[in-house]
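Student: Could you walk me through this structure, one feature at a time? I'd like to learn how to read strands, sheets and contacts.

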Amino acid sequence: MTHTLHRSGGKKSLEGDYVFLAMASREYNLNGAAQKLKEIAKIFAKYNPVNMGDMSSGQPVTMARGASPEKIINEISDRSIVHAVYTDKETVKKVLKELKEADIGMSVVVSGIFDEVFCACKEVSISGPFSVDLSLGIMGKTQLLPKEEILDITTMCGHGLVSRHLVAHLVEKIKKGEITVDEAAKELAKQCVCGVFNPARATKLLREILNKEK
Amino acid sequence: MLIDKKKCVSCGACLHYCPVGAIKFEKGVYYINQDICVECGVCIRSNACKVGAIYQPELRWPRVLRSVFSDPLLVHPQTDVPGRGTEEVKTNDVTHRFKRGEFGIIIEVGRPGVGTYLEDVEKIAKALAVHNVEFEPKNPVTYLLDIKTGEFKDPAVKKERVLSAIIEFKIKEEDFPKIAETLKEVSKKIDTVISVGIATVCKDGEIPLATVKEAGLTPRINGKINLGLGLAWSYK
């Protein structure tokens, strides 16, 4: 699944959006992976991610849905796909450094601005070989898409579970004073089942929508 | 998904949670349009309904494909991975699925958030099959296809609607411009959108972009990077 690819937005906004993922290959290194994934998840948790999660049990276990990092770590199995979201490059660098030093031997993927992530890797002497997923954008009947400002929020759930209609509805509720911007961002993040939605970035994007409409 | 009319109190709390707008309100009654619904489960999981009126009926073939492709909590029997795709680049440091000089092409039909009937997936697969592409064998869409023609083995699946479905295949890097041309053409004939991705391996730390540029396409500034930290698996 390319669920952390195709996150839309401008450079400034994407500079606050980094997603880590760790998993074992089903064919090659699945047996006994749980312990290694737990070690990685502990490193993720140490650096205070804004969201974290694992949905491999068939249940959405994410920080945004109220699970603590400890609960997420405890429930990790060989088949887990562990995610963590950060909002700045300096923290990303610290996580990368610790992962490199721990030398756990499990696949780790970072989604973010290529230049920024490569630069962070270089600074902590991670030299690959790197495999990448590039996003070439959207083709087809693009008139069916919502406005870009909405898309920047909804594409943070690559499984498409965050509804454009919910974003618009919550913006209206904020305007009426029925909920705060933070509460709206949390409600949006709850719909993502694997913990890759970035509620901190959603808060900023919702504020931008509200400021534009003033 | 269905709404139990006896339980529903017509509060409308569920209305905005549906990613594809399948929840409708007519003549004072809320209902779920069964043609539009992709069985993703968001309406139930949101807990928006406080009286438990939304429920999942038993899904039979071919409708069950809607939930298999739309609800990421379900694990595909063909891929052994939750979600709609495969491990693709995520474990490439261990599997070497993609090697230098190869492009894995990942076409997600219906993404972002539009949804698609599987007949549009078939239109794209047929156009690509002409190039004798190597469809990813462990992908759930490939499982449904005749890989020679790109047609669905069971035509009944074509009317099913999903949140998105991923066509995956591997090509040589130099073949990308003709694939890009085919995608540009076929994307004019579909009633949805496609998000297009390429999985590949960096050369000397650089992303190989020459043929992407040759095809007149510009990648986003952001994407996914497999750090290569799984390489040690074989000797640990």
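Student: Let's start with a bridge. Which residue of E3(A) is the bridge partner of Asp54(A)?

Tutor: General idea first: strands of a sheet pair through backbone hydrogen bonds, either parallel or antiparallel. Here, in a predicted model, Asp54(A) has Val61(A) as its bridge partner in E3(A). E2(A) and E3(A) pair in the antiparallel sense, with two bridges between them.

Student: What sits between those two strands, and which residue there takes a positive phi?

Tutor: E2(A) and E3(A) form a hairpin with six residues between the strands. Gly58(A) is the one to look at, with a positive phi near 90°.

Student: And on the other pairing of E2(A), which residue stands opposite Gly53(A) in E4(A)?

Tutor: That's His83(A). E2(A) and E4(A) are joined by three bridges, again antiparallel.

Student: How do I read the two faces of a strand like that?

Tutor: In a regular strand the side chains alternate between the two faces of the sheet. For E2(A), Asn51(A) and Gly53(A) are on one side, Met52(A) and Asp54(A) on the other, and all are buried. Both faces of E2(A) are covered, then.

Student: Which helix lies across E2(A) and E4(A)?

Tutor: Helix H2 of chain A, residues 33-46. Strands E1 (18-23) and E5 (107-113) of chain A lie under the same crossing, and the helix runs at about 15° to E4(A). Chain B has a case to set beside it: helix H4 (residues 118-129) lies across E5 and strand E11 (165-172) of chain B, at about 10° to E11(B).

Student: Now zoom out. How many strands form the open sheet, and in what order?

Tutor: 11 strands, and the pairing is antiparallel. Read across, the order is E3(A)-E2(A)-E4(A)-E1(A)-E5(A)-E13(B)-E6(A)-E12(B)-E5(B)-E11(B)-E7(B).

Student: Why do E3 of chain A and E7 of chain B each have one side without a neighbour in the sheet?

Tutor: Strand E3 (61-62) of chain A and strand E7 (134-135) of chain B stand at the edges with a single partner strand each, so one side of each has no neighbour in the sheet.

Student: Where could I look at a pairing between the chains?

Tutor: Try E5(A) and E13(B), which run antiparallel and are joined by five bridges. Ile113(A) stands opposite Asn222(B) in that pairing. For a pairing inside chain B, look at strand E5 (residues 102-109) and strand E12 (residues 193-201), antiparallel with six bridges. Ile107(B) has Val196(B) as its bridge partner there.

Student: How many residues of each chain are in contact across the interface?

Tutor: Contact here goes by C-beta atoms within 7 Å. On that basis 69 residues of chain B touch 66 residues of chain A. E12(B) gives the largest share of chain B's side, nine residues. Other elements giving two or more residues include helix H6 (176-186) and strand E13 (222-226) of chain B. By class, chain B's side has 34 nonpolar, 21 polar and 14 charged residues.

Student: What about domains? Where are they in chain A?

Tutor: The assignment gives domain 1 at 11-123 and domain 2 at 142-213. Their C-alpha centres lie 23 Å apart. The contact takes 18 residues from domain 1 of chain A and 16 from domain 2. Strand E2 (51-54) and strand E4 (81-86) of chain A each supply at least two residues to the domain 1 side, so our opening strands turn up again. That side divides into nine nonpolar, seven polar and two charged residues.

Student: And how is chain B divided?

Tutor: Into domain 1 (1-57) and domain 2 (73-235), with C-alpha centres 32 Å apart. Six residues from domain 1 of chain B and five from domain 2 make the contact. Of the whole chain's 236 residues, 52% count as buried.

Student: Last one: which residues have the most contacts inside the largest nonpolar core?

Tutor: Ile40(A), Leu188(A), Cys192(A) and Ile167(B), in a core of 133 residues. Take Cys192(A): leaving aside neighbours within four places in sequence, its contacts include Thr62(A), Cys157(A) and Phe197(A).

Note on methods. Residues numbered from 1 in each chain as written. Chains lettered and ligands numbered in written order. Predicted model: local features only at pLDDT ≥ 70, side-chain atom pairs only at ≥ 80, totals over all residues. Core = buried A, V, L, I, M, F, W, Y, C linked by C-beta atoms within 7 Å. Buried ≥ 20, exposed ≤ 12 C-beta atoms within 10 Å, placed from the backbone. Contact = placed C-beta atoms within 7 Å. Domains from an automatic or database assignment. Helix = DSSP H or I, 4+ residues; strand = E, 2+ residues; numbered from the N terminus. Nonpolar A, V, L, I, M, F, W, Y, C, P; charged D, E, K, R; others polar. Pairing = 2+ DSSP bridges. Axes fitted to C-alpha atoms, helices over the stretch in contact; angles between N-to-C directions.
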